[in-house]
Structure formats: structure tokens, C-alpha cells
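Me: I would like a close look at a single part of this model, with the reasoning set out step by step.

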Amino acid sequence: MFPGDWTEGLARLFGESIAVVDEASGERISYRALAWRTSACAAALAELGVRRGDVKEAGPRVAILAKNRVEHLELLFACGRLGAICLPINWRLAEPEIGYILDDATPTVLFYEDTFADVAQRLASARGLRALALDADLPRLTRGRAAAPTVPQAALTDDDPWLVLYTSGTTGYPKGALIPYRQVAYNALNTAIALDLTSRDKTITYTPLFHTGGLHVLTTPLLLKGGTIILADGFEPERFLRVNVEERCTLLFGVPTTFEMMAQAPAFATADLSTLRLALCGGAPCPLSLIERYAARGVVFKQG
């Protein structure tokens, strides 16, 4: 199932198990519901003219300008169904920088959340690009369907591109890095093996889904194993600790700065962390004192 949309296969395996929790709204989406929504998204994209195409052509790319939300995953897997390329855009960039990416990537359509409506509409209008709101247009195109449409899986290979993620551009303009299906699949498989992931595992993804860390440190590996992803649109230590306790998370991912912020939060001393079997830390060297502080709460660190 790896070259293409995963959700049909995952729905057969995991059915009504919860795939995604929207932390802001509390909505809980099963694997079966995620597959339905992905099929509806794929049908809507096809109607908008999104299709499989050569990576050098203008057309087969779907851009997303939004903080973490379930539509990121619906559109990602819908692109996999059609053989199109998903383009999540760094919403922290300045307007001219986002404009550069749109000019470079030439997407067919730009989906945006209301927070970025003004920027998205200005940039799209200047380029003759279709811009659609995630909170109004996408539900209108998908949720009103009486049944999940049948959208055939495009014939793909492991080496076909699935995502284009733009680099930070610290020494020049950002560059679009093409991520093929095999890279996502083997990262997910290796992560599942290294961390012994199971369908009982649960984590919060607060790192942005425009970055490989948000998408691929735990999100796609846990979906592969039938686990649960809680999508948060940002990081605030007290809130993060509260959600971890309420949801009884088993995995905690972060960077040294976020782990330090949590350790300094008033709730850290009394929060029930007994369900956490691993804390995963990356992005920078982690001080031994911080590792020891979590060890004192019974939390084991793994570093990447």
C-alpha cells in the first residue's frame, strides 16, 4: 500500500480505532472515517483539475497554508490517491517568501485556514491561482457527499514523489526537496521497529506539518501501526502536559527547549506521566541534567 494512499488499507486493519484527535475541537476521527474523508478529498481535488503529472509540469501540486489540522493528512493521502504532490507551506514565512514558493512550485490550488486568509488570497489573486478555505470551501466540496466516492488509486512506483518540502533557505532561496513514497514508507517502518510502536501508542504532534519532523518523526509511523495522533496547532507547556495526562500518551516528542519549558512548568511536578514509555528528543544536544530531571519522573529519554 505504500506507493499511494494508505488510508484504505489502514481502515481495513484498524476500523473504528481512533487515528487522529483534533486537540482544539476535541473531534476524534477513526481510521474508517479518515479513509472516507480522504476519498472525498481525492474526488474534490480531481474535480478541481488536480491530477498525476510529471514533476517538471505545472499542475499536479496541492499547496496548504495552515497550522496543524486533520485536513493536512486528508489532503496528503488524497494526493497519494491521485498521484499528485502535496506541498505544505511554512506559515511562519513572510508574504514575499511564500510568494516565491508558489512561483517555484506552481500548484494547481492553494488551501488555507482563516488565519492566513488575507495573505493567501492576495498571493493567489496575483498569480491567477485558485485559493480555497479549509473551513468553508473544503467541507462544501467533501462533507455533503452522501457516500464516499470511488476514486481509483493511481498507478505509482516507490520512487514517485509524494511531497515537496522546502528547505529553510538560510544561504539563498529555499529549495523544494522531493520526498518519494519509499522515503516515507521506510522511515515509518524503521521508526516502528526502532521504537517498537504498536496500535496502543499515542502521541501529540505539535511540531508543524510543513516540516519533516512534524510529518515523519511520529505521525506517519504511528498511523502505519494504527496508533493515535493528537494534532495540536502549537506548543504551550502547561497545555501540553495537561493533554498528555488526559489522553494518557505513551510517547512524547520534542526538542531540548520544549522539554526544558515543560520541566519548568508548575504542572510538571504533579502531572501523571506514568503512561509515557519514551521521550524522544532531537534537533540539538540535550543536557544531561534535563535527561536526569525526566528520569526522576520515571520518563526514559531517547535521543536522535
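Which element of the chain has the lowest mean pLDDT and which the highest, and how do helix α1 and helix α2 pack?

Reply: This is a predicted model, in which local features need pLDDT of at least 70 and side-chain atom pairs count only at pLDDT 80 or more, while totals for chains, interfaces and linings use all residues. Residues are numbered from 1 along each chain as its sequence is written, and side-chain values use heavy atoms, with hydrogens and water left out.

Strand β13 (residues 301–303) has the lowest mean pLDDT among the elements, 89, and strand β5 (residues 109–112) the highest, 98, where pLDDT is the predictor's confidence in each residue, from 0 to 100, and helices (H or I, at least four residues) and strands (E, at least two) are DSSP runs numbered from the N terminus. For the chain, the mean pLDDT is 93, with 96% of residues at 70 or more.

Helix α1 (residues 7–14) packs against helix α2 (residues 31–47) at about 160°, their axes 8 Å apart, the axes being lines fitted to C-alpha atoms over the stretch in contact and the angles running from 0 to 180 degrees between N-to-C directions. That angle makes α1 roughly antiparallel to α2, a term for angles over 145 degrees. In the contact (heavy atoms within 4.5 Å), Thr 7, Glu 8, Leu 10, Ala 11 and Phe 14 of α1 meet residues of α2 including Tyr 31, Arg 32 and Leu 34. The residues of this contact divide into six nonpolar, three polar and two charged, with Ala, Val, Leu, Ile, Met, Phe, Trp, Tyr, Cys and Pro counted as nonpolar, Asp, Glu, Lys and Arg as charged, and the others, Gly among them, as polar.

Note on methods: Angles under 35 degrees count as roughly parallel, over 145 as roughly antiparallel, 65 to 115 as roughly perpendicular and the rest as oblique.
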